[in-house]
Amino acid sequence: MSKTVLVFDFGASSARAMRCMFDGGRLLLEEVHRFVNTPINEAGHLRWDIDELFEQMKIGISFAMFNGGFDAISIDTWGVDFALIGRDGEMLEKPVHYRDSRTDDMPHEVAGILPAEALFMQTGVQPQSINTVYQLAYIVRHERNMLFRAERLLMMPDLFAYFLTGECRNEYTEATTSQLIDQKSKGWNLKIIESLGLPKRIFCPIIRPGEVYGGLKDELAVEFRCERVPVIACPSHDTASAVLAVPSEQEHFVFISCGTWALFGTELKRPIVSKEVMELGLSNEGGYGDTAIMLKNIMGLWLIQECRRYYNKDGLDYTFAYLEQAAREAEPFVSFINPNDSSFVAPDNMPIKIREYCRKTGQPIPESMGEILRCIYQSLACEFALTLESISEITGLKYDRIHMIGGGTKDKLLCELTADCCGIPAVAGPTEATALGNGIASLIALGEIENVAAARRIIIDSGLTHTFEPTEHAKWLEALKNYRKIVTFGSGQC
């Protein structure tokens, strides 16, 4: 009888519990619970409502038991955020959200101790203010007493696993997002840790995808009337799980994991760490099987999500389909933004910020909803094209298609514009790539699927993709030139 994994996939705005199984021919995902992930303001910071998230997780476990049970649990989340656990085994405070403003100035402060280039060369990860290393530097500088009280640092998926098992471990792919992992040894970089004044004791043993955090606590097994099933480490950084589900049999491929963030990258056998890679804005994060995922973080559908929130603030209910249609009807190639400009990070008044960016960069100012949304869509497509160019330049490879995976691939306009701007087909799907990759890693560990190649073949055969062919690439060539100029000029605003 085939085994079933209860997959928890936590995104930055929503989460779901899904039963994942392999029937010998197809991978099956059955959603048993979906819930929102809404941050809260507490004690002066934007935080994750971790107590509510764990309560919803427990509901998901109960629903999964009611719907047929499971043989293991695995968890993926976003990167960089963490909780500190005290001597009594309790969290010292609720985890702070990466969009909190506390780290805005930390890259500059840390540069006096660890210059950005040196930090990149040791870790392979692009210095960004949201990274764990800068969050911890803030605590060292402003809340040092908390570090004296801390016994363990748990990244978000490790924290949920701790709630379930009582075991403290740090999963490798998630740990790489901290910018504290040595890109050569693939262990904690003690030089960086010591230079920042961080206590070494808080960093847990590292485990790899396929290893086990521990068994479900006795009291939880009793509560849910289930066995003490193993909690298996998947590639717990959601991007690493998503890449595992890219439906490609090619050794070299590029992908865009589309969601709140758009992660554009490629899977490599080993990281590429150089000054050129850093200057192009690329990072090397951990993947399944100790692969390296070289990618660029692009502020993807967050821009659309925040516009929708702004337009719906007076009780309206514009759907994403309505917003997409409004963008389709607007005139193309009028104005552009740099999606990664720092002014777009905070969650408020996105349409106003976009108008202001266009004003500062001397462009026509978009006024209508459709004009603003069209500006976002075509800017994302241009950013994808330039990132494809960068990755091709670094790897020396030419790619014949882009795999677009994740929930953002439901947005057909984004897929169409990506194919047109990049001039190669965009293969969209699967939409549930992260949950599939999460489940695949655990099913391989349980012996249900042979290996990654077999899993990707199964996904290809499942018919979960749709190909968008480029039809108007020539029209984008001038737009790309204009976008490059705007981004170069606008970089002074960052």
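Trainee: The second largest cavity holds about 60 Å³ of space. What makes a set of points a cavity, and what is a volume here?

Mentor: On a 1 Å grid over the protein atoms alone, a cavity is a set of points where a 1.4 Å probe fits but cannot get out. Points are joined across faces, edges and corners, and the volume is the space filled by probe spheres set on them. Mind you, this is a predicted model: local features need pLDDT of at least 70 and side-chain atom pairs 80 or more, while totals for chains, interfaces and linings use all residues. Residues are numbered from 1 along each chain as its sequence is written, and side-chain values use heavy atoms, without hydrogens and water.

Trainee: Why is Phe 82 called a lining residue of the second largest cavity?

Mentor: Lining residues have an atom within 4 Å of a point, and Phe 82 is on that list, along with others including Glu 93, Arg 102 and Met 146. Strand 7 (residues 82-86) gives the most, 3 residues; a strand is a DSSP run of E, at least two residues, numbered from the N terminus.

Trainee: What makes a lining residue nonpolar, charged or polar?

Mentor: Ala, Val, Leu, Ile, Met, Phe, Trp, Tyr, Cys and Pro count as nonpolar, Asp, Glu, Lys and Arg as charged, and the others, Gly among them, as polar. By that split, this lining has 7 nonpolar, no polar and 3 charged residues.

Trainee: And what is the volume of the largest cavity?

Mentor: About 110 Å³. Of its 14 lining residues, those closest to the centre include Thr 123, Tyr 172 and Asn 284. Its lining has 5 nonpolar, 6 polar and 3 charged residues.

Methods: On a 1 Å grid over the protein atoms alone, a cavity is a set of points where a 1.4 Å probe fits but cannot get out, and a pocket is an open set with protein on both sides within 12 Å along at least five of seven lines; lining residues have an atom within 4 Å of a point. Helices (H or I, at least four residues) and strands (E, at least two) are DSSP runs, numbered from the N terminus.
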